[in-house]
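Visitor: I would like to take a close look at a single part of this model, with the reasoning laid out step by step. Please keep to what the coordinates themselves support.

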Amino acid sequence: MGGLMEGRAGLVTGAASGIGRACALRFAREGAAVIVADLPSAGRGAEETVAQITADGGRSAYVPCDVSSAADNEALVAHVVQRFGKLDFAHNNAGIGVHRRLHETSDEDFDRVIAVNLRGTFLGPKHQIRQMLGNDPPFRGAIVSTSSNAGLRAVTMLSAYAASKHGILGLTKNAAVEYAEEGIRVNAVCPGAIMTPLMSDQPPERQREILAPQAMTRFGDPAEVAAAVVWLCSAEASFVTGVALPVDAGSVAWVSAHRS
Ligand SMILES: NC(=O)c1ccc[n+]([C@@H]2O[C@H](COP(=O)([O-])OP(=O)(O)OC[C@H]3O[C@@H](n4cnc5c(N)ncnc54)[C@H](O)[C@@H]3O)[C@@H](O)[C@H]2O)c1
């Protein structure tokens, strides 16, 4: 039996590590050809993702890409089409965080977080949609962006990050509405605390602080986010667009419960 993404081709950004890697592996396991995109400095990790996919019999290649660059996003889409003949799905996942209270966040850090997380999630879909509009109707493509539970609520010490992740949800809803009748679905996932380098690089007390408002008291595994991302990109989610899907062990529900 074929997988959920059999015959599809697409890309995952930030796929050298963590959630992006897990998503690229899952897309490939479900039958898709996947371009692994990440910074040149993450080339080794990206090649490792590609090696894991190809060892499993999948089709993949690494394309260096800085998601904050318009030229890189345009070239990335062109590369997927050149290599696999089309672009069916895209997962805009690359992201960074700066853990500081608002008044201690430097202007440079704020700009950097916005450039990668928000501008990157504007530029990616912009070029992906331009390509997908050329696909045959009725189902022209599916896009998922990685927001965060910090896109739905406050997370202390993450002002710039929360601003960028809330912004991603605005872009997602707008794109979903603008392209719904043209057969392109656009959704977002909002992960809770997932054990990746983004998390393990933080001191233990900060990790505990981030974990605290979760109903399930464990860290998530990147594969648990990948299951949601791949489903949203698949035909199984054909009537789903414009959603911000928490994959967050009840952290958004927990905060709401506290307020009521
Ligand atoms: N880990 C968590 O708890 C958590 C929770 C919610 C949301 N997220 C989001 O999930 C996404 C993936 O994070 P992760 O936890 O897997 O972290 P990670 O650090 O393991 O992976 C992030 C990847 O993005 C890449 N990247 C960074 N800047 C880039 C750029 N300008 N262009 C291209 N690639 C770039 C990095 O090289 C890295 O490979 C991020 O958007 C993050 O904000 C993570």
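Visitor: With which residue does Lys86 form a salt bridge, and how far apart are the closest N and O atoms?

Guide: This is a predicted model, and in it Lys86 forms a salt bridge with Asp88, with 3.1 Å between the closest N and O atoms. The two partners differ in how they are classed by accessibility: Lys86 has a relative accessibility of 29% and therefore counts as partly exposed, whereas Asp88, at 14%, counts as buried, because the cut-off for buried is under 20% relative accessible area.

This pair is one part of a wider set, since the structure holds five salt bridges. Among them is the one between Arg112 and Asp109, where the closest N and O atoms are 3.4 Å apart. Both of these residues belong to helix α4 (residues 107-132), in which they are three residues apart, or about one turn of the helix. Here, too, the basic residue, Arg112, counts as partly exposed at 42% relative accessibility, while its partner Asp109 counts as buried at 18%. Another of the salt bridges joins Arg218 to Glu224, with the closest N and O atoms 2.8 Å apart; in this case Arg218 is partly exposed at 43% relative accessibility, and Glu224 is likewise partly exposed, with a relative accessible area of 36%.

Glu224 also leads to the sheet, because helix α8 spans residues 222-233. To place that helix, the sheet itself has to be described. Seven strands make up an open sheet with parallel pairing, in the order β3-β2-β1-β4-β5-β6-β7. The edges are taken by β3 (60-64) and β7 (244-247), each of which has a single partner strand, so one side of each is left without a neighbour in the sheet. From one strand to the next, the twist averages 20°. Within this arrangement, β1 (residues 9-13) and β4 (residues 89-92) pair in the parallel sense over three bridges, and the bridge partner of Val12 in β4 is His91. Helix α8 packs on the sheet, where it touches β4, β5 (141-146), β6 (184-191) and β7, and its direction makes about 165° with that of β6.

Technical notes: Residues numbered from 1 in each chain as written. Predicted model: local features only at pLDDT ≥ 70, side-chain atom pairs only at ≥ 80, totals over all residues. Heavy atoms only, no water. Pairing = 2+ DSSP bridges. Helix = DSSP H or I, 4+ residues; strand = E, 2+ residues; numbered from the N terminus. Axes fitted to C-alpha atoms, helices over the stretch in contact; angles between N-to-C directions. Contact = heavy atoms within 4.5 Å. Salt bridge = Lys/Arg side-chain N within 4 Å of Asp/Glu carboxyl O. Buried < 20%, exposed > 50% of the residue type's maximum accessible area, 1.4 Å probe, protein only.
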